[in-house]
Amino acid sequence: MIISQVRKELTEHIIPYWKALKDEELGGFYGYKGFDLVVDKKADKGVILHSRILWFFSTCYEVLGDEEYRALADHAYEYVKNHCIDYDLGGVYWMTTYDGRVKDDMKHTYNIAFAVYALSAYYNATGCDEALHLAERLFDDIENKTPDEYGCREAFTRDWKIADNDALSENGLQAQKTMNSVLHLIEAYTELYRANRSERVADRLKYQLNIVEDKIYDYDNDALKVFFDEKFDVIGDIHSYGHDIEASWLTDRAVEMLGDDVLTKRFNALDLRLAENIANIAVDENGALNNERENDKINKTRVWWVQAEGVVGFINAYQHSGDERFLDLAAGIWSYIKSNVIDNREGGEWYSELSSDDKPHDYKEETGPWKCPYHNGRMCLELIKRGIDFDV
């Protein structure tokens, strides 16, 4: 049954892998482990990585109740609190050195959102008031520093001057606003609202959801647009399959947390359309979820996080529709993950990427600024929480 399998993967594989990266001497977690499974103890430590690790161990503790996970969350919290937050000018840094000094002081809305998400989750798991105050402070930084008349700007210097958005622009495009940042603001504000039930947080969460409805959702193609200029006019012709299936359940969670029946009904319908479209166009014959479409070219790289989000997204679609086709798709992706994506070498976790013929990309790390326990760990935790069990 799938729940027993993902629980085993979580507790006997994913958690031990990340526990082993704990830096007992300098704090936080080691920032890089290559495909060769050699840890670079002097690699820079990504702030996004540490926010995601804090979220992960906090949620493991909340869901599973093991005090060891609380201790790991405490360790991550101390690093985020002491090394990642800019207490003078607001926001969080982009990167620290291996010993906790500021390496890159860029401010990015996406990055700050993940810190809000992680600190809120730590509060929700432990009741630490200090963490909630920090999350609220960073929420205020986003809301006071980043908005323009169209939405939230994304990339800034340390003192909040506009900078190029290289960090979240891809495919040769220079985007000023991205679907990705909006999606993770929604995610962060949902967790913060769960913590403090603030009407201001609820209002700003609804504002971001409205941007999805009004600017990002492509009603002709049941897909999300990806990259935009400052006015949210689309640039490029990109369809990110992984972000669509991830958004299909994250926005569902947001509206259900808000408890707004009208908004919930609208988004449940849109999100089911998103999931149905991904089911129809993005699942390969071997069960894997393809990565994206750029113009008329399909990228069939098997990316670890895309597979993980596919499992959760299709189970969420089943819960909203009762259509067992979605369970079959989730089972197919999980079977693909077990056979191909999980790295069963001693000291391995999940491969970052595989080619379309299922060969791991040996130039991709297993721990890095973006490779973290957030997507695959969350998949396991979501399945355990949702309790939808079936044979695989």
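**Exercise 1. The core**

Find the residues with the most contacts inside the largest nonpolar core, and identify the helix that gives the most to this core.

*Solution.* Start with the core itself: in this predicted model, the largest nonpolar core has 135 residues. Next, look for the residues with the most contacts inside it, and you will arrive at F314, W350 and M379. Finally, turn to the helices: helix 4, residues 109-126, gives the most to this core, with twelve residues.

**Exercise 2. Around M379**

Pick out the contacts of M379, leaving aside its neighbours within four places in sequence.

*Solution.* Use a cut-off of 4.5 Å between heavy atoms. With the neighbours within four places in sequence left aside, M379 is in contact with V6, A308, V311, V312, W334, I337 and W350. Now compare this with the core: W350, like M379, is among the residues with the most contacts inside the largest nonpolar core.

**Exercise 3. The largest pocket**

Describe the largest pocket by its volume, its lining and the elements that give residues to that lining.

*Solution.* First, the volume is about 740 Å³. Second, 31 residues line this pocket, and E170, N180, H243, W305 and W370 are the closest to its centre. Third, the elements giving two or more residues to the lining are helix 6 (179-196), strand 11 (238-240), helix 8 (241-258), helix 10 (304-321) and helix 12 (374-386). Helix 6 gives the most, with three residues. Last, sort the lining by character: twelve residues are nonpolar, eleven polar and eight charged.

**Exercise 4. The second largest pocket**

Work through the second largest pocket in the same way: what is its volume, and which residues lie nearest its centre?

*Solution.* The space in this pocket comes to about 260 Å³. Its lining has 18 residues, and those nearest the centre are E191, R194, R253, E382 and K385. Two or more lining residues come from each of helix 2 (47-64), helix 6, helix 8 and helix 12. By character, the lining of the second largest pocket divides into eight nonpolar, two polar and eight charged residues.

**Exercise 5. A small sheet**

Trace the open sheet of three strands and name its edge strands.

*Solution.* The strands run in the order 6-9-10, with antiparallel pairing. Strand 6 (177-178) and strand 10 (234-235) are the edge strands, each pairing on one side only. Now zoom in on one pair: strand 6 and strand 9 (residues 227-228) are joined in the antiparallel sense over two bridges. To check a bridge by eye, start at K177, whose bridge partner in strand 9 is F228.

Methods:
Residues are numbered from 1 along each chain as its sequence is written. This is a predicted model: local features need pLDDT of at least 70, side-chain atom pairs count only at pLDDT 80 or more; totals for chains, interfaces and linings use all residues. Side-chain values use heavy atoms; hydrogens and water are left out. A nonpolar core is a set of buried Ala, Val, Leu, Ile, Met, Phe, Trp, Tyr and Cys residues joined through side-chain atoms within 4.5 Å. Buried means under 20% relative accessible area, exposed over 50%, partly exposed in between (1.4 Å probe, protein chains only). Helices (H or I, at least four residues) and strands (E, at least two) are DSSP runs, numbered from the N terminus. On a 1 Å grid over the protein atoms alone, a cavity is a set of points where a 1.4 Å probe fits but cannot get out, and a pocket is an open set with protein on both sides within 12 Å along at least five of seven lines; lining residues have an atom within 4 Å of a point. Grid points are joined across faces, edges and corners, and a volume is the space filled by probe spheres set on the points. Ala, Val, Leu, Ile, Met, Phe, Trp, Tyr, Cys and Pro count as nonpolar, Asp, Glu, Lys and Arg as charged, and the others, Gly among them, as polar. Two strands pair if DSSP finds at least two bridges between them.
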